[in-house]
Amino acid sequence: PDAIVINLATNDFGHGNPDQAGWTGAYEDFIARLHGYYPKAAVYIASGPMMNDSYPPGQQALTTLLSYLKQIQQYEEEHGNKNVRILNFDTEDFTTGLGADYHPNLKTHALMAARLEQALSNDLGWKPLAASD
């Protein structure tokens, strides 16, 4: 693949923020494994649309996750992997509806796809297919 998208964390942050060193270390190991298989692929480490700073209360889960992802990106750069990018999907908007159990609905998935499409276009020069393609 030319690109890999990793969207982890929602469940990990659901009942308290995970230990930073343990969580980021496991994530870095996962990226290293993927990089071993696909050394030329751009790796996007994402924050999913269910992440926010208001739930769980007082946890600042989204802010914490983004700081962890930034640490991972810096670690990768320091170790020669400059092809890791953060992809921050917007927190889902309850006014446009939700899927089952607060998961993203069709509208949110379309917004996520558009964000990913834009990132791939900007970073890798990919051009979206026309509707007739």
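## Two strands side by side

Let's start with a pair of residues: A3 stands opposite A42 in strand 2. Everything described here comes from a predicted model, so please read it as a prediction. Strand 1 and strand 2 run parallel, and 4 bridges join them.

How many residues of strand 2 are buried? The count is 6 of the 6, so strand 2 is largely enclosed by the rest of the structure. In a regular strand, side chains alternate between the two faces of the sheet. You can follow this pattern along strand 2: A42, Y44 and A46 point one way, V43, I45 and S47 point the other way, and all are buried.

## The largest nonpolar core

The largest nonpolar core has 19 residues, and the members that touch the most other members are I6, F13, W23, Y27, I31 and I45. Which elements give two or more residues to this core? They are strand 1 (3-6), helix 1 (20-37), strand 2 (42-47) and helix 2 (61-78). Helix 2 provides the largest share, with 6 residues.

There is also a second, separate core of 8 residues, and among its members are A42, A46, F89 and M112. Recall that A42 and A46 point one way from strand 2, whereas I45, which belongs to the largest core, points the other way.

## F13 and its aromatic company

F13 deserves a visit of its own. Is F13 buried or exposed? Its relative accessible area is 1%, so F13 counts as buried. Setting aside residues up to four places away in sequence, F13 touches P18, W23, M51, P56, Q59, A61, T64, L65 and Y68.

Across the whole structure, a search finds 6 aromatic pairs. In one of them, the rings of F13 and W23 have their centres 5.5 Å apart and their planes at 80 degrees, so the pair is edge-to-face. This pair links distant parts of the chain, with F13 in the loop between strand 1 and helix 1, and W23 in helix 1, 10 residues apart. W23 is buried too, with a relative accessible area of 11%. F13 and W23 also belong to one aromatic cluster together with Y27 and Y68.

Another aromatic pair is formed by F94 and Y102. Their rings are 6.0 Å centre to centre with 45 degrees between the planes, and the pair is tilted. F94 is exposed, as its relative accessible area is 52%.

## A walk along helix 3

Helix 3 covers residues 106-124, which makes 19 residues. From its first C-alpha to its last it reaches 26 Å, close to the 27 Å expected at 1.5 Å a residue. At the N-terminal end, N105 acts as a cap: one of its side-chain oxygens lies 3.2 Å from the backbone nitrogen of K107. Just after the helix, G125 takes a positive phi of about 80 degrees.

Which residues of helix 3 are buried? They are T108, M112, A119, L120 and S121. An α-helix has 3.6 residues a turn, so residues three or four places apart point the same way. The buried residues of helix 3 pack against strand 1, strand 2 and strand 3 (84-88). One of them, M112, is also a member of the second core.

T108 makes a good close-up within helix 3. Its relative accessible area is 5%, so T108 is buried. Leaving aside neighbours within four places in sequence, T108 is in contact with P49 and E92.

## Unusual turns of the backbone

Most residues other than glycine have a negative phi, and most peptide bonds are trans. A few places in this model go against that pattern. The peptide bond from Y55 to P56 is cis, with omega near -15 degrees. P56 sits in the loop between strand 2 and helix 2, and P56 is one of the residues that F13 touches.

Where is Q60? Q60 is placed in the loop between strand 2 and helix 2. Q60 has a positive phi of about 50 degrees although it is not a glycine. With a relative accessible area of 37%, Q60 is partly exposed.

Y102 is in the loop between strand 3 and helix 3. Its phi is near 70 degrees, which is a positive value in a residue other than glycine. Y102 has already appeared above as the partner of F94 in the tilted aromatic pair.

How values were computed. Residues are numbered from 1 along each chain as its sequence is written. Side-chain values use heavy atoms; hydrogens and water are left out. A nonpolar core is a set of buried Ala, Val, Leu, Ile, Met, Phe, Trp, Tyr and Cys residues joined through side-chain atoms within 4.5 Å. Buried means under 20% relative accessible area, exposed over 50%, partly exposed in between (1.4 Å probe, protein chains only). Contact means heavy atoms within 4.5 Å. The expected span of a helix is 1.5 Å times one less than its number of residues. A polar contact is a pair of N or O atoms within 3.5 Å; within protein, one must be able to donate a hydrogen and the other to accept it, and residues adjacent in sequence count only if both atoms are side-chain atoms. Rings of Phe, Tyr and Trp (its six-membered ring) pair if their centres lie within 6.5 Å; planes under 30 degrees apart count as stacked, over 60 as edge-to-face and the rest as tilted. Two strands pair if DSSP finds at least two bridges between them.
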